[in-house]
Amino acid sequence: MHRLNGRMSFCAAFSLSKSRIFTGSCQITPHTMRRWSSSFKAISCHGDLPPPPFSKDQLPLKTFPSLTPKKGEVVVSVKVAAVNFPDVLIAQGKYQMKPEKEFSPGFEFSGTVKTTGEEVKHLQAGDRVIGFVPWGAFAEEVSVSRHNLIKMPEGMDFKDGASLLMAYGTSYYALHHHGAIKASDTVLILGASGGVGLAALELAKAQGAKVIATASEDSKLELCKARGADVLINYKKDDLKKAMKEVAPEGADIVYDPVGGDLTETALRNVKWNGRYLVIGFASGEIPKIPLNIPLLKGCSIHGVFWGSFAMREPQRLQQQIKSIMELYLAGKVKPHVSAEYPLEDAYLALNSLAGRKATGKVLLKVSD
């Protein structure tokens, strides 16, 4: 019997108390190694990389002294870290948040509690947890605010745990908070085979909506079909405007757009009267310029979706959202699709797969057994 374990406290995911991995450059020598009682390895980055593809030398695996939690913090031994498109951006210094010193990328992870600091009452050593940090998950250890962790439900493995929060959190927030999704809605998802795209597809179907999935390759669309998509459009082969006129003559109630680029205007023109256009991101690398006469004529709204800011500003709603996602997972209505796993030292390859838009679903780093 599945049940939700522990307190669903996950306040201020982008907080706040930044994750502590290491600060400044740390040169490892036999002398310094003798001073450390223990150590851990992490991917080292300075946030100044040129555009991908990245190399191993640019994102090396380095050794650092083990962490000691401060008051209200928990040191977690990371089992699995998820790789997300913002990791590609933060490595180049192009993300909204810019670490000031040497850091490790990585926003979400799963693992076990190693040690706890003062005032941490709901967690203890050995607990299986899911966490979210501003950066720092590409490491064997991470020190996290107690509010940024939840216990993993029984029946959930570390891979699924590391894959849920960012993709499903973003998509749930987009569809329910901004999209006000209903069972009668038609939802057009651009880049539907990616991490957030597949999450949006599953969440829309769980709500009973009709889903039109678009992707750049037939193989990616087959994955969308297996996940419940009602209509498939290959926008590399088919004209999106013509295809939409055939499958949804009145347009879509909701457009979910994590891609941007030249697809945006076409998709916006295919929104219904009073429709909702959800701006998730710009995986194409191009931030589009939108003619404002289109939303005027359509009577539609355009919503920017920044889940991290929502998590920081509305922690109570965040807790309810995560509870809803966990319930859907335990009911078997959502299930992360993992397309690739890499060892920690090959984080650069994982990032390259996302930057090149080769990945489907989630890409993971296996940090430890």
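**Note on a predicted model: helix crossing, cores and loops**

1. Helix 3 passes helix 10 in a right-handed crossing, where right-handed means that the near helix is turned clockwise from the far one by less than a right angle, and left-handed that it is turned anticlockwise. The axes of helix 3 (residues 158-178) and helix 10 (residues 315-330) come within 10 Å and cross at roughly 115°; axes are lines fitted to C-alpha atoms, for helices over the stretch in contact, with angles running from 0 to 180 degrees between N-to-C directions. On the side of helix 3 the contact (heavy atoms within 4.5 Å) involves Asp160, Leu164, Leu165, Tyr168, Gly169, Tyr172, Tyr173 and His177, and on the side of helix 10 it involves Arg317, Gln321, Ile322, Ser324, Ile325, Met326, Leu328 and Tyr329. Sorted by class, this contact has 10 nonpolar, four polar and two charged residues, with Ala, Val, Leu, Ile, Met, Phe, Trp, Tyr, Cys and Pro counted as nonpolar, Asp, Glu, Lys and Arg as charged, and the others, Gly among them, as polar.

2. The basis of these statements should be kept in mind. The model is predicted, with local features needing pLDDT of at least 70 and side-chain atom pairs counting only at pLDDT 80 or more, whereas totals for chains, interfaces and linings use all residues. Residues are numbered from 1 along each chain as its sequence is written, and side-chain values use heavy atoms, with hydrogens and water left out.

3. As a whole, the protein chain has 11 helices and 15 strands, which are DSSP runs numbered from the N terminus (helices H or I, at least four residues; strands E, at least two). Of its 369 residues, 57% count as buried, that is, under 20% relative accessible area with a 1.4 Å probe and protein chains only, while exposed means over 50% and partly exposed lies in between. Among contacts between residues at least 6 apart in sequence, 73% join residues at least 24 apart.

4. In the largest nonpolar core (buried Ala, Val, Leu, Ile, Met, Phe, Trp, Tyr and Cys residues joined through side-chain atoms within 4.5 Å), which has 86 residues, Phe109, Phe138, Leu175 and Leu365 touch the most other members. Helix 3 gives the most to this core, with nine residues. Apart from it lies another core, of 20 residues, including Ala243, Val255, Leu263 and Leu268.

5. Leu365 is in contact with residues that include Lys79, Val83, Phe138, Tyr342 and Ala350, its neighbours within four places in sequence being left aside. Tyr342, for its part, is placed in strand 14 (residues 338-343), and its C-alpha is 8.7 Å from that of Val367, although the two are 25 residues apart in sequence.

6. The loop between helix 2 (85-91) and strand 4 (108-116) holds Gln92 and also Gln96. Gln92 counts as buried because its relative accessibility is 10%, whereas Gln96, at 52%, counts as exposed. Beyond residues up to four places away in sequence, Gln92 touches Gly47, Leu49, Pro50, Pro51, Pro52 and Phe54.

7. Some backbone details deserve a check by eye. The peptide bond from Pro52 to Pro53 is cis, with omega near 15°, and Pro53 lies in the loop between strand 1 (39-43) and strand 2 (61-65). Ala180, which is not a glycine, has a positive phi of about 45°; Ala180 is found in the loop between helix 3 and strand 8 (186-189). Asn274, also not a glycine, has a positive phi of about 65° and lies in strand 12 (residues 271-279).
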